[in-house]
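Hi everyone, thanks for making time this morning. I'd like to walk you through the contacts in one model, one interface after another.

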Amino acid sequence: MVNFGFTINKSTRIDYDQASKDVSRYVIAHEPSALLCIGCGCCTATCSAGQFTPFNLRRIQLQVHRGELARLEQETEKCMLCGKCQMVCPRGVNTRHLVMTIHKAMTLYNRGELKDL
Amino acid sequence: MKIEGKKRIWSEYQKEIPDDKYFYVRSCIRQSFFPASEVYFLKIMREVLHRDIYENKHHTTCSGIGYHSDVVPFETAMTVVARQFALMTEAGYENYAASCITSFGLYSEIIETWKKFPDVLQKVRDNLYKATGRTFEPPKHLAHASDIIYKVRNEIAARARYRLVNRYTGAPLRVVEHIGCHYAKMFPSKGVGGAEYPYVLTGMVEAWGGEVVDYPERRHCCGFGFRQYFIQANRGYSAANTRKKFESMEPFRPDMIITNCPGCPYFLDRWQYVIAETEGKTYGDNGYGIPVFTYEEVAGLVLGYDPWDLGLQVHQVSVEPLLDKIGIPYDPTRKYAGKDQKDLSHPESPSVLKV
Amino acid sequence: MDTSSQRHVVVIGAGIAGMEASAQLQGLGYAVTLLEEQPQTGGNLLTWDRLFPFKRPASEVLGELRSRLGGIHVLTSRRILNIEKLNAQFILTVNDGTVLTADAVLVATGFKPFDAYRKEEYGYGIYDNVFTSVDIERMFREERRILTRSGEVPRRVGFIHCVGSRDEKAGNRYCSKVCCVTAVKQASELKEMYPDCEVFCFYMDLRMFDRHYEQMYLDAQTRYGVTFVRGRLSEAAETIDKRIAIKVEDTLVGKPMKMTVDMLVLMVGMEGRTTQLYNSPTLGLSVGKDRFLNAVDEYTDNNLSRTEGVFLAGTCTGPKHIPEVLADAGAAALRIHRYLCQKA
């Protein structure tokens, strides 16, 4: 092998055919109101944590469904569980429980225990 | 795949390509990348097909390579190009043929700019006159040299000694055609067949007996991208684009790739070595790569010119397996003998890619 | 009413606008001739299976509208060769030699679906498994099953909104209005047929504009499990196994996405039908840049053309859904009635 002074970049796009759907399936099974999201961003606009950290529930829950799972476990830990997002969601998504469900799913996923469920 | 659908689109992108009398301009880099391609374009057009193709030694770079690297401003590029047009005008020609795809794209961009903004054209005329005392007329017809070979593809087929056919199976060779981005993506109407399903190389492949492979990433850039290649640290991004194309075409098991751009064949060829050395992956049969050709090289091969006279020994990916498949004879001992019979010296063997 | 004194209206186009307006005009006491180029009445509705929002069969709606045509002179497979005006009357020459004299003319020529082949990068007419919403509706109607070109049950299907709509390059700046809800309908029907099939809708904006549509969208998400991705299709290509590789950006995630689907469905928009009639100096129609007809006033006189005695109804003046078309047709009939009363 030759050292060329560079490595070949990995693709950063979502490859849906290859993406894991396990976390998405778990989240929908345990918090079906996740399906109600219309991506309006109300939750993120009002989010206590989102004012001071990159926490973005609207994006995180979409990343779950697209299998973009890197760092999601740590991301969900930024939530302060204040519940403001639940008050503003026009579709009635149980956002507070959604965050906890995603966190739990990611913990299991990272331990390799999700598929058994 | 319904070929009628493509034919319908092709029929809507017909461009006028004059049959004869061209002022021909070479590319900055092709003579070092693919040393015989331009020579054989001239040889085929003049000696085999008896066309009038004129060259002028005072022609310079069009500056497109600098323009696309953000070091040459458009105004400068226009004046440099105006000087080339002045050489054409002085020589009494009205049809301009560019060997380089990026030049062709830049010429198209400049000519379209002048059509839309005549005051810009006047300013360029003034600038050129002040700087050089020259005057010029924009070409009546602008063609890329591949347009011209497309135009004469059947004349070449009529004189062909070999066809793009697997002599063992009798099946047409499976050919990937790769079009340079600057050929038609900016001005789809300036390309034969448009930009989505370009016909310029497909037409040659069909006329010479091969079969074109339509694979999902056929539109994707080869990865050259000028700035991405020039800076070493960015080259991984360039190679990643090439890899994306090869990963996409791999299931179709193409026999060869034909291109019409200076950079594309170079990078599609050389990056196969880099991908093999970096990731251990090769894309051809039995550890070989997929050979990549310029359209002039392919025209030269079907017309029966010697592969080493066509410069195929400077390719990274070995062309011999393909020559065997077609049945083109070659002398392995002459591969690295130059035109003067002096040894060109032998390249080192890669550790992964079979050559 | 005595037919000799009865005044005569010619309605051009026997789609739902033409049929409804004809029925209303007859109810108001006029003699009506309904002209249609095609062999039967019904227009674009003939090609549809079930209709949003309640999945009512199109044939039922069509049957209801046709049942109101009693006493109307319906001429199908007829083309108008010439229209002239003599005093206040229109003289129409039809291709079978018939000459009709009309006191008023209603243009109800409707729309045509966008020719998806014009979006070259989507590969319609080239790749085997690229379909339009019209194709899918035909499959629902005639075959009762949605299958890939090779006859297999699809495992993943992508619906592409806004094909030929909101697209400057396709020459159509406008929104065709009904494609979003049609995609939601077809996606839900597909999930109903194949619950295990993954179904995606790729949209720019979801325009669920009418009373029951938001509920359809909600049902699609929750009851049927249709996935909605905000991003317009950039390009489609065929894989070696004849599936379709698509490239979109999931704009809400902020990343490009690649996906392979078994079937790609293009939601084709509505386009004005620029028939020869549009050039008739007698009709004097004003055709917009978008190829829909311009009324005298888009707010208050939407059924009036710029020529006295020539009226407009239905989708020839812009995209509409069925209830809007029928309301528009009724309104046009009343405007014709008012015009003819004033002339009397």
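Let's begin where strand β1 of chain A, residues 14–15, pairs with β17(C): the two run parallel and are joined by 2 bridges. If you want a residue to click on, take Asp15(A), which stands opposite Lys258(C) in β17(C). Please keep in mind throughout that this is a predicted model.

Now let's step back to the whole contact between these two chains. Chain C brings 21 residues to it and chain A brings 19 residues. The area buried between chain C and chain A comes to about 1,800 Å², and carbon and sulfur atoms give 52% of that. Which three residues of chain C supply more of its buried area against chain A than any other three? They are Leu252(C), Val253(C) and Lys258(C), with 33% of what chain C buries there. You have already met Lys258(C), as the residue opposite Asp15(A).

On the polar side, the count between chain C and chain A is 4 salt bridges. One of them links the side chains of Arg66(A) and Asp250(C), at 2.4 Å from N to O. There are also 14 residue pairs in polar contact between chain C and chain A, with both residues at pLDDT 80 or more.

Where on chain C do the touching residues sit? Five elements of chain C each supply at least two residues to the side that touches chain A: β13 (198–203), α5 (213–222), β14 (227–230), β16 (244–250) and β17 (255–261). Of these, β17(C) gives the most, with 6 residues. Sorted by class, that side of chain C has 10 nonpolar, 4 polar and 7 charged residues.

Next, chain B against chain C. Here 18 residues of chain B are in contact with 19 residues of chain C. The two chains bury about 1,700 Å² between them, with 49% of it on carbon and sulfur atoms. On the chain B side, Met1(B), Lys2(B) and Arg219(B) supply 33% of the area buried against chain C, more than any other three residues.

How many salt bridges are there between chain B and chain C? The count is 3. For an example, look at the side chains of Arg8(B) and Asp115(C), which meet in a salt bridge at 2.9 Å, N to O. Across the interface of chain B and chain C there are also 12 residue pairs in polar contact, both residues at pLDDT 80 or more. As for classes, the side of chain B that touches chain C has 7 nonpolar, 2 polar and 9 charged residues.

Let's stay with chain B and look inside it. Chain B is divided into domain 1 (22–145) and domain 2 (161–334), and the C-alpha centres of these two domains lie 26 Å apart. The contact takes 30 residues from domain 1 of chain B and 29 residues from domain 2 of chain B. Between them, domain 1 and domain 2 of chain B bury about 2,600 Å², of which carbon and sulfur atoms give 70%. Within domain 1 of chain B, Phe33(B), Phe34(B) and Ile101(B) lose the most area to domain 2, together 24% of what that side buries.

And the polar terms here? Between domain 1 and domain 2 of chain B the count is 2 salt bridges. Arg30(B) forms a salt bridge with Glu296(B), and their closest N and O atoms are 2.7 Å apart. Across this domain interface of chain B there are 4 residue pairs in polar contact, both at pLDDT 80 or more.

On the domain 1 side of chain B, the elements that give two or more residues are α2 (30–33), α3 (37–48) and α6 (101–116). Here α6(B) gives the most, with 8 residues. By class, this side of domain 1 has 14 nonpolar, 9 polar and 7 charged residues.

One last stop, a sheet in chain B. Its 4 strands form an open sheet in the order β6-β5-β7-β8, and the pairing is parallel. Why is one side of β6(B) and of β8(B) left without a neighbour in the sheet? β6 (211–212) and β8 (292–294) of chain B stand at the edges with a single partner strand each, so one side of each has no neighbour there. For β6(B), strand β5 of chain B (residues 174–178) pairs with it in the parallel sense over 2 bridges. There, Arg174(B) stands opposite Glu211(B) in β6(B).

That's my tour, and I'm happy to take questions.

Notes:
Residues numbered from 1 in each chain as written. Chains lettered and ligands numbered in written order. Heavy atoms only, no water. Contact = heavy atoms within 4.5 Å. Buried area = accessible area lost by both parts, 1.4 Å probe. Polar contact = N/O pair within 3.5 Å; in protein donor to acceptor, adjacent residues only side chain to side chain. Nonpolar A, V, L, I, M, F, W, Y, C, P; charged D, E, K, R; others polar. Pairing = 2+ DSSP bridges. Domains from an automatic or database assignment.
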